[in-house]
Amino acid sequence: MLLNQFLVLAAALFAMGVYGLLVRRNMVLILLSVELMLNAVNINLIAFESYLVTPEAVGQIFAIFVITVAAAEVGIGLAIVLMIFRNRKSANVDDLSLMRW
Amino acid sequence: MTFPDWISEPVNWVFLVIGLTVLVSGFRVVTSKNVVHSALFLVATLAGTAGLFLMLSAEFVAWVLVLVYIGAVVVLFLFGIMITRAPMGFDDSLDGDHKVAPAILSVSVFVMMAWASIDAFGTSLVASTGTATSTELIGESLLGRFVIPFEVVSFVLLAALIGGITIARRDLTPAEEEERAAV
Amino acid sequence: MVSGLYNLALVTAQEGEHFELHAGDGGFWADTAGIMLVLPVLAFLLILVVGKRMKHKGGEIAVAALAINLVWASVLFYLNATGGVLDQTTFEIGRIGSGLVFELGWVVDGLSILMFWLVNFVGLLVFIYALGYMKGDKRVDWFFAAFSLFAGAMLILVGAPNLIQLIIGWEGVGLASYFLIGFYWEDLANVKAGNKAFMVNKLADVGLVLGAILVGVALGSWDFGDINLAAFEGNAELAAVAGVGGLLLFIGAMGKSAQFPFHIWLPDAMAGPTPVSALMHAATMVTAGIYLMARLFPLYEYMASDLRTTMIVIGTITLLGVGLLAIVADDIKKVLAYSTVSQLGYMMTAMAAGGYTAGLFHLFTHAAFKALLFLCAGSVIHAVHSNNMSEMGGLRKYTPVTFWTWIVGALALSGIGLSGFWSKDEILGTLSHEGYEAVMWISVAGAFVTAFYMARATFLTFFGTYKGHGEPHESPRIMTVPLIILAVPSALVGIVNIPGLSLGRLRNYTEWLSVRLVPMGDHHPEAIDWGLAMIGLAAALLGVLVGYAIYFKDAETQLERDSFEIPLLFPLLRKKYYIDDLALGIVALFTGPIARFVNWTNTYVIDIIPNAIGGSVKALGGFVYGVLDQKGVDGVFNGLSAATDGAGSVVRKWQTGRVQQYAAAVVAGALILVALFVFVI
């Protein structure tokens, strides 16, 4: 298996995540796109680990940490989205543009 | 390696199938008009990703992914969708008005990264060991070389836990506060 | 400082003269006589500084200065009277090449000693009188300051050893008199009177200065001793200019001594306070012209005798013509003013006829009784609060001291028995002796007129019933005591020059005057010419009688009493022969165009440079402000702030508050960086 096939796949996934981040209006969907990007990163890490074969499986460890942190981030993120929804009665990110000129 | 060589290996067929699933699901995640559909497509993407991990001899990580991501994070997302009263059916207003610029941006990101990796690695091959990375090895690493990040991450989780609860807590009404104080 | 002691042994008695020159050098008193010139000027400065705070507003300083001066003057007078004093002290202050020398100093001889004593004595009495008269008036400190300046300038004039110092004193006297005539400057008429005096004098001074330059440059010296000696010895250079120079100097003298037609300033000068009139226009300032003629007498006697005719004519016209004006004057001071001019005419006539001693003797007696008359007039004015005789009458009951001293002065002036009699008689004698018979008879007529108008003034003022407002009162003692003191010399001073009479150790006036460097060649009668004396006396008594006949009786108003009229003559007199109008007309004719020309020159010629400078500075300022500051400096800063503002308003639009746009920016930025790293580095 080529390394590049995984890398390109991950790149495509990452790009899609970027698109979703920039386009989606619902805050939850934005977080979803972020998860997609993180996932792409994970693929990259594991692919490199398999390519380099470090003695301590560094890439995999890194991927574990990424997953963990992603989970924590989702928790907090959704809590925030919840608070925002309570305050503004809307989960639309366009309604959040208060800090503007 | 040329394409015929590559396609002749059975591993790559599996890869193709899983890869396509992942890509399509990922695309549907960001373009679906239904919120719940987006979440479910993410599940598919994650599942595909786990399959890819298995192919890359990362057993532990693959199952961790399934457990944590699909098992907890996506569920959390669905809860979030429910609580924020996201529209359940098809909704056109899910996407923003401007799609061209983000599309160009994301395409350029993809091109950039793809080109960089192809340019750097060419036709290098992944090491195919045949055996999966043992959990023992991962355990030793985690508690050996990476013990400090491990502990720190546990703190991160604790902070996220407490933080999440604190942020999402409902403010008590004055009556309830008095009740609490009296107790 | 170079002190030049004059060579005394130069002159001895000349053949034909009846005297010999005995003179000492005056010792300490003559050497320090300069103190008399300096003290009043110092008083002037001192009064300006501290006068306001003093009880009598500086009058004390003025009186003190003159009192100290009087000590010197008296001692010198005594020394001269008993033995003669002849001395001169000068300090050189400048030099033109090796020729003309500018010196200042003082000369002490018979003439100057007499003048010193006169100015200081009469001045002191008038100052004391003024302490009372000016009490409570405004600007009294300035009055005493200017008065002191006048006294100082006059002393500088009479003590001058040369023409230059004389001119300095002359101008100083003119300046001080200008200040004092226009003292009550709130009234425009007074200001005009001061201007008139100053300008008429200034016009005559042209002659004075030109004459002085002519004589000085021709001879090579301005010193009086040198000039007189040169005249006596017949110096050729002096002889060449003596005619023109003498005429010019005479014109200068005419201005100060108010000879016709320069007399117009003196009646108007009565606008000043009465003490000013008393000192200046009776006793001292107006006599400066006579004094100049006396000082340069040898020049006229030995070199410019052709001028004498002109001088006598002018003197005579003054004597009679101006005397007549006193008949129709209502203002009591104007009567005395015209009388002064008339008496000055007497003096000038006498000097012109060669009567050196006669003219100066009349000056001497006139000083005493005219000052007395003016002070009496001041006392009357003080009592009645008006100058006009039409508001007076019967004052002898209310102001007895003033009345009796006035009588003394009036008799003296009219030439009846008292000092004026002797001095007028001497003038008549000189005129007759020198062969001017016609002039003599005109002088006799003048004596008649004098007595007539004095009688008129006396009867209208002091007899009859009081026609004015309120209750007149006698003046305070500080004013009446000087009157009494002055009455004494007015009455008696004639004694000092009775021909043939000598007062023991003090000799007599003629001898006092004869202490001089150069013999004057004038006539000294051995005994009284009783015939001439009686003629003069008769004329005077006739004048009094006619006056009595016309003016003594009382009537309802003063105007009725004053209603005597000679047709044609009196209206002409009231118009003062139209001389004033003529002068005014000439002035008006010239001043308009001259003023316009001067204004044009000023605006277009002289002012060009300041205007140009001002304009260019203004333009420069405008440029600096408008362009450099407003547009340049401010432009930079305004531009800076506008740019910042503009940039800000552009940049802040980036803060949309939309997270996704921020995220897009981040991604784009990261992309660029990656590209940088991948492709460039």
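Biologist: Which hand does the crossing of α9(C) and α12(C) have?
Modeller: The crossing is left-handed. This is a predicted model.

Biologist: Which residues of α9(C) and α12(C) make the contact?
Modeller: Helix α9(C) brings C:Leu249, C:Ala253, C:Met254 and C:Lys256. Helix α12(C) brings C:Ala288, C:Gly289, C:Leu292 and C:Met293.

Biologist: What makes up that contact by class?
Modeller: Six residues are nonpolar, one is polar and one is charged. Gly counts as polar and Lys as charged, so C:Gly289 and C:Lys256 fill those two classes.

Biologist: Why are α9(C) and α12(C) called roughly antiparallel?
Modeller: Their packing angle is about 155°, and the axes lie 6 Å apart. Angles over 145 degrees count as roughly antiparallel. Therefore α9(C), residues 236-256, and α12(C), residues 287-295, get that label.

Biologist: How do you know which elements build chain B?
Modeller: Chain B has eight helices and zero strands. From the N terminus on, the order is α-α-α-α-α-α-α-α.

Biologist: What share of chain B is buried?
Modeller: Of its 183 residues, 27% are buried. The cut-off for that label is 20 or more other C-beta atoms within 10 Å.

Biologist: How many residues does each chain give to the contact of chain A with chain B?
Modeller: Chain A gives 60 residues and chain B gives 78. On the chain A side, α1, α2 and α3 each give two or more residues. The largest share, 20 residues, comes from α3(A).

Biologist: What is the class make-up of the chain A side?
Modeller: That side has 44 nonpolar, eleven polar and five charged residues.

How values were computed. Residues are numbered from 1 along each chain as its sequence is written. Chains are lettered from A and ligands numbered from 1 in the order in which they are written. This is a predicted model: local features need pLDDT of at least 70, side-chain atom pairs count only at pLDDT 80 or more; totals for chains, interfaces and linings use all residues. Helices (H or I, at least four residues) and strands (E, at least two) are DSSP runs, numbered from the N terminus. A residue is buried if 20 or more other C-beta atoms lie within 10 Å of its own, exposed if 12 or fewer, and partly exposed in between; C-beta atoms are placed from the backbone. Axes are lines fitted to C-alpha atoms, for helices over the stretch in contact, and angles run from 0 to 180 degrees between N-to-C directions. Angles under 35 degrees count as roughly parallel, over 145 as roughly antiparallel, 65 to 115 as roughly perpendicular and the rest as oblique. A crossing is left-handed if the near helix is turned anticlockwise from the far one by less than a right angle, and right-handed if clockwise. Two residues are in contact if their C-beta atoms, placed from the backbone, lie within 7 Å.
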